[in-house]
Structures are given as structure tokens and as C-alpha cells.
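Thanks for coming. I will take a few minutes to walk through one structure, starting from a single residue and working outwards.

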Amino acid sequence: MSSSVNLSRPQVSVIIVNFNSADKLHLCVESLLNVNANLDVVIVDNASMDDSLARMNSAYGEDCRIRIIQNQENLGFAVACNIGARHVTGDYLFFLNPDCKVEEDSIIKLIACLDEDSQVGMVGGLLLNSDGSEQVGGRRAVPTPWRSLVRVFRLSCLSNRYPRLFSDFNLHLQPLPDQPIEVEAISGACMMVPRKAYEDVGGLDEGYFLHCEDLDWCMSFWKHGWKVKFVPDAKISHFQGACSRSRRVFVEWNKHKGMMRFYKKHFRHQYPGVLMWFVSVGVWLRFGLLACYFSIRKILRWISSFGEISKPVVN
């Protein structure tokens, strides 16, 4: 993209990984350019097949705050994030999904939380659904193998009696705090880290393609002595994309593959081998059932649409 304005070094560098998110990406960038912060935006495109980049060039081709890095193939979320991070100079790195709309003062509130405590290495905001409700995953506990089994077998109904043993790792059903709180993990849809923390911890684990790399990164920050915080008054609308919904089996495969990598990397020495075996069987059984379900739905939709096309026209 060409440049017509000479800006000073940005305070915040926004890194957006894009894959076929044209409409949502345009809305996301538009919201970023209205925030109260000195920022630049790097869009790392994972070989999109829609008109994402054409629309960006048409709308913002003369804005030097926006740059595009175009990959020749889909390298996955973690790799693309790391590529973006290597091309920015901001004091704060803000990793944001392309299907997010940022409220005007949200970035400033995230920065304020980081500046209040030098031990905070990562912050995330309040992710909102289109109806204004809190989205799942914005604040959560780490889904250990035990917590995952509790969720799969729906044992969280026992959490009122035994909260430490049977509580759910998703915290969105708990009362919303009135100030930033420390959490075990936030969502990869919205992660801000100061440059000093990024340089200390390093980038995301590129062994993940899609899903679980954010949980892994949160644990890496802990292990390096950094706190992770959830900032409830930094609001971001997250319109989860149709792209994932159209490739359900592909997404679920990478999600479950990521789960297994996460468990083996962080918990295989803490849990008995028998339990890890049960977890592994449970993960792949769950994937198999979901893959069958989504495949059958796709076939039924195809049959239904073919039937509509084949109906004779009655005058």
C-alpha cells in the first residue's frame, strides 16, 4: 500500500490474521481507525480466495497506517501472528480477529491495565455476541484434562457442592467483575501484550494450526512470571465468521489436534498415563462424532437444494 501521510512510530501495532473475511475485516479496520490511540495495522492474509485484499486496497490504499502481508498459502493462525509481529514496531502488540469491532476507548483501557502493573504481560477485553451478551471464552480457566472430562460428562452440575473439583473452565456465566481481574486464560480473538513481554516469552507455538494456540500462549506467559488479565470495560463485538461454519470438519480436526498437542505439551507429566489415554480416546471420539454429524448435515442440505432445483416449474 502506498503512503501519503508521515506518522510517528505507533504506540500500538494491531496484527490481524485474515482468511476470507472481507465484510468483517472492513468493519474491523474501520472501527480501529476511530479509536483514541496512535496505531498502525498489519493484516496478514492467509491466501484468501475472496475480495478481502481488493476491498482493503480500495478503501485504505493511501493510508500508511495499514499494511498487508500476503501469504501464498494458508500457514495457520500462529504462524501468521508471528509473521505480523516481526513486521511491527509498536510498544504494544494487539492481536485481533478480523471479525471483531473495537469500541472507541477499548484499546486505551487495555493499555491502562498493562501500565498499572508491570507484571501484567497480557490483557483481553470483554467479547460480546451480536445481541450484546458476553461471549464464551473471553475469560476462562485453563481446560486441563480433568476439567475437560468434567465438561464432556457434564459434571459441572456438581460445582455448587464441590466448586474446586467440578467447576467449568468457561467463566462467562459468573458475574461480570467491575474491574480488571487476573485469569488463567483469555481468547485469541483479542490479546494485547507489551513488547517487553513478547520479547521475553516469544511468539506463539507454530505447531498449532488453528485453535488452542492462545491457551498455550497464556500458559507460556505464566511460566515466564507474567500475569494475564481480563478487562471487562474494554468491549469488543466478536462476530464469529461464516468461513469457519462453512468448513466445520476442517476446523474441528485442527481444534482437536490442537487439544491433543496442548495436553501432551503441558500435562502429560502431571497426569497418570491411563487418564491421558482416556482423554486421548475421548478427544478423537468427540471429533469422529462431530465429523459425522457435520458431514451428514452437509449431505442433507445438498439433497434438499438439489430437490428444490429439480422441481418442475408449474405455470
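Start at N170, which touches V136, G137, R139, R140 and R151 once its neighbours within four places in sequence are set aside. Before I go on, note that this is a predicted model. N170 sits in the loop between α6, residues 163-166, and β8, residues 181-182. Is N170 buried or exposed? N170 counts as buried because its relative accessibility is 10%, and the cut-off for buried is under 20%. One distance for orientation: the C-alpha atoms of N170 and P143 are 8.5 Å apart, with these positions 27 residues apart along the chain.

Next, the domains. The domain assignment gives domain 1, made of 12-141 + 171-240, and domain 2, made of 249-304. Between the C-alpha centres of domain 1 and domain 2 there are 26 Å. In the contact, 11 residues come from domain 1 and 11 residues from domain 2.

That leads to the interior. As a general point, nonpolar side chains in soluble globular proteins tend to be buried together. Here the largest nonpolar core holds 48 residues. Which of them have the most contacts inside this core? They are F95, M122, W217, F221 and Y263. Helix α3, residues 77-86, supplies the largest share of this core, namely seven residues. The core also draws on both domains, with at least three residues from each of domain 1 and domain 2.

Y263 is worth a closer look. Apart from neighbours within four places in sequence, Y263 is in contact with P143, T144, P145, S148, R268, M276, V279 and V283. P143 has now come up twice: as a contact of Y263, and as the partner in the 8.5 Å distance from N170. There is also a second, separate core, which has 34 residues, among them I16, V41, I43 and C113.

Now a pair of helices. In general, two packed helices are described by the angle between their axes and the distance between the axes. For helix α1, residues 22-32, and helix α2, residues 52-60, the axes come within 9 Å and cross at roughly 35°. The crossing of α1 past α2 is right-handed. On the α1 side, the contact is made by A22, D23, L25, H26, V29 and E30. On the α2 side, the contact is made by S52, R55, M56, A59 and Y60. What kinds of residue make up this contact of α1 with α2? Six are nonpolar, two are polar and three are charged.

Staying on helix α2, S58 lies in this helix. S58 counts as exposed because its relative accessible area is 66%, where exposed means over 50%. From S58 to G90, which is 32 residues away along the chain, the C-alpha atoms are separated by 25 Å.

Now some loops. H211 is in the loop between α7, residues 195-201, and α8, residues 213-223, and C212 lies in the loop between α7 and α8 as well. Most residues other than glycine have a negative phi. H211 has a positive phi, near 85°, and is not a glycine. C212, also not a glycine, has a positive phi of about 80°. How accessible is H211? H211 is partly exposed, at 30% relative accessibility. C212 is buried, with a relative accessible area of 9%.

G76 is in the loop between β3, residues 66-71, and α3. With a relative accessible area of 1%, G76 is buried. Which residues does G76 touch, not counting those up to four places away in sequence? They are N46 and F209. G76 and P163 are 87 residues apart in sequence, and their C-alpha atoms are 36 Å apart in space.

Last, D105, in the loop between β5, residues 100-102, and α4, residues 106-116. D105 is partly exposed, at 29% relative accessibility. D105 and N36 are 69 residues apart in sequence, with a C-alpha to C-alpha separation of 6.1 Å.

To recap, the largest nonpolar core draws residues from domain 1 and domain 2, and N170, where we began, is buried in a loop between α6 and β8. That is the end of the walk-through.

Note on methods:
Residues are numbered from 1 along each chain as its sequence is written. This is a predicted model: local features need pLDDT of at least 70, side-chain atom pairs count only at pLDDT 80 or more; totals for chains, interfaces and linings use all residues. Side-chain values use heavy atoms; hydrogens and water are left out. Axes are lines fitted to C-alpha atoms, for helices over the stretch in contact, and angles run from 0 to 180 degrees between N-to-C directions. Helices (H or I, at least four residues) and strands (E, at least two) are DSSP runs, numbered from the N terminus. A crossing is left-handed if the near helix is turned anticlockwise from the far one by less than a right angle, and right-handed if clockwise. Contact means heavy atoms within 4.5 Å. Ala, Val, Leu, Ile, Met, Phe, Trp, Tyr, Cys and Pro count as nonpolar, Asp, Glu, Lys and Arg as charged, and the others, Gly among them, as polar. A nonpolar core is a set of buried Ala, Val, Leu, Ile, Met, Phe, Trp, Tyr and Cys residues joined through side-chain atoms within 4.5 Å. Buried means under 20% relative accessible area, exposed over 50%, partly exposed in between (1.4 Å probe, protein chains only). Domain bounds come from an automatic or database domain assignment.
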